[in-house]
Amino acid sequence: MSSFRPERQGGLVGLAFVSALWLGMVIGVSFLATPIKFHAASLTLAVALDVGRVTFGLFSRVEWGLFALLLAIAGTTARARSRRDLWIGVVLLLGVLMLQSLWLLPVMNERVARIIVSEAMPRTPHHLLYIALETTKAAVLAAMSIRALLKFVRGPRGPTKLIQIKSS
């Protein structure tokens with residue numbers, strides 16, 4: 001039987017909030033703003049690529065900050081055996097962030113720099129891999145947020161009265 005731990009319940013809310021906030025930022029930056037800018041007739045390809053380079057460089061730093069916050073919350077709310085799914089999500093996010101910021105972004109930044117100076121570049125799979133990693137990140141963040149909210153609503157002793165449906 002698990003005892004009620006208010007700090008764990010508050011941690012679930014924090015975990016859900018940070019995951020949902022981060023998910024919203026990923027959707028806004030990666031899946032909305034970035035593709036849309038390539039449809040703006042007044043932006044040249046070089047300008048759009050340069051804006052993307054700067055945007056994703058800053059966003060990467062913001063994501064590391066969000067990861068640190070998520071890790072701190074997870075560390076205070078999760079017990080190793082009872083929250084294995086949470087730790088799997090944290091490790092997946094760490095792997096995605098490391099691949100993106102330590103490998104893909106530098107490679108893509110170099111490519112952008114060459115395209116901006118009108119150097120012809122062959123196609124590479126880096127952009128598609130980045131999109132796949134962003135999709136993975138979004139799915140992990142959505143799952144973490146939903147699971148944390150469900151665990152909070154269910155509480156340590158089952159569903160709270162807030163969501164119980166009374167039959168007439």
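## A four-helix chain and its largest pocket

The protein chain holds four helices and zero strands. The model is predicted. Read along the sequence, the pattern is α-α-α-α. The protein chain has 168 residues, and 33% of them count as buried. Among contacts with a separation of 6 or more, 74% join residues 24 or more positions apart.

**Helices α3 and α4**

Helix α3 covers residues 84-116, which makes 33 residues. At 1.5 Å a residue, α3 should span 48 Å. Its end C-alpha atoms are 45 Å apart, which agrees. The helix is bent, though: α3 turns by about 40° at Leu-104. A proline, Pro-106, follows within four residues.

Helix α4 covers residues 126-154 and has 29 residues. From its first C-alpha to its last, α4 reaches 42 Å, close to the 42 Å expected at 1.5 Å a residue.

Both helices are followed by a residue with positive phi. After α3 comes Ser-118, with phi near 65°. Ser-118 is not a glycine, yet its phi is positive. It sits in the loop between α3 and α4. Ser-118 counts as exposed because its relative accessibility is 66%, and the cut-off for exposed is over 50%. Just after α4, Gly-155 takes a positive phi of about 70°.

**The buried residues of α4**

The buried residues of α4 include His-126, Tyr-130, Leu-133, Glu-134, Lys-137 and Ala-138. Further along the helix, Val-140, Leu-141, Met-144, Ser-145 and Ala-148 are buried too. In an α-helix there are 3.6 residues a turn, so residues three or four places apart point the same way. Leu-141, Met-144, Ser-145 and Ala-148 are among the buried residues of α4.

Take His-126, which lies in α4. Its relative accessible area is 18%, so it counts as buried, the cut-off being under 20%. Beyond residues up to four places away in sequence, His-126 touches Trp-103, Leu-104, Val-107 and Met-108. One of these partners, Leu-104, is where α3 bends.

**Contacts between α1 and α4**

Leu-141 lies in α4. At 0% relative accessibility, it counts as buried. Apart from residues up to four places away in sequence, it touches Ser-19, Trp-22, Leu-23, Val-26 and Leu-93.

Trp-22 belongs to helix α1. It too is at 0% relative accessibility and counts as buried. Leaving out residues up to four places away, Trp-22 touches Glu-63, Leu-66, Phe-67, Leu-93, Leu-97, Lys-137 and Leu-141. Leu-93 therefore appears in the contacts of Trp-22 and of Leu-141, with heavy atoms within 4.5 Å in each case.

Ser-145 is also in α4. At 8% relative accessibility, Ser-145 counts as buried. Outside its neighbours within four places in sequence, Ser-145 is in contact with Ala-16, Ser-19 and Ala-20. Ser-19 is also touched by Leu-141.

Val-13 lies in α1. With a relative accessible area of 39%, Val-13 is partly exposed.

The table lists C-alpha separations for four pairs.

| Pair | Apart along the chain | C-alpha to C-alpha |
|---|---|---|
| Val-13 and Leu-149 | 136 residues | 6.6 Å |
| Ser-145 and Val-13 | 132 residues | 8.8 Å |
| Leu-141 and Val-26 | 115 residues | 9.6 Å |
| Trp-22 and Phe-67 | 45 residues | 8.9 Å |

**The largest pocket**

How much space lies in the largest pocket? About 740 Å³. Its lining consists of 27 residues. Of these, Phe-38, Leu-49, Met-108, Val-112 and His-127 lie nearest the centre. Met-108 is also among the residues touched by His-126.

Which helices supply the lining of the largest pocket? α1 (6-37), α2 (45-77), α3 and α4 each give at least two residues. By class, the lining has 15 nonpolar, seven polar and five charged residues.

Definitions and conventions. Residues numbered from 1 in each chain as written. Predicted model: local features only at pLDDT ≥ 70, side-chain atom pairs only at ≥ 80, totals over all residues. Heavy atoms only, no water. Expected span 1.5 Å × (residues − 1). Bend = angle between axes of the 7 residues up to and from the residue. 1 Å grid on protein atoms, 1.4 Å probe; cavity = no way out; pocket = protein on both sides within 12 Å on 5 of 7 lines; lining within 4 Å. Points joined across faces, edges and corners; volume = space filled by probe spheres on them. Nonpolar A, V, L, I, M, F, W, Y, C, P; charged D, E, K, R; others polar. Buried < 20%, exposed > 50% of the residue type's maximum accessible area, 1.4 Å probe, protein only.
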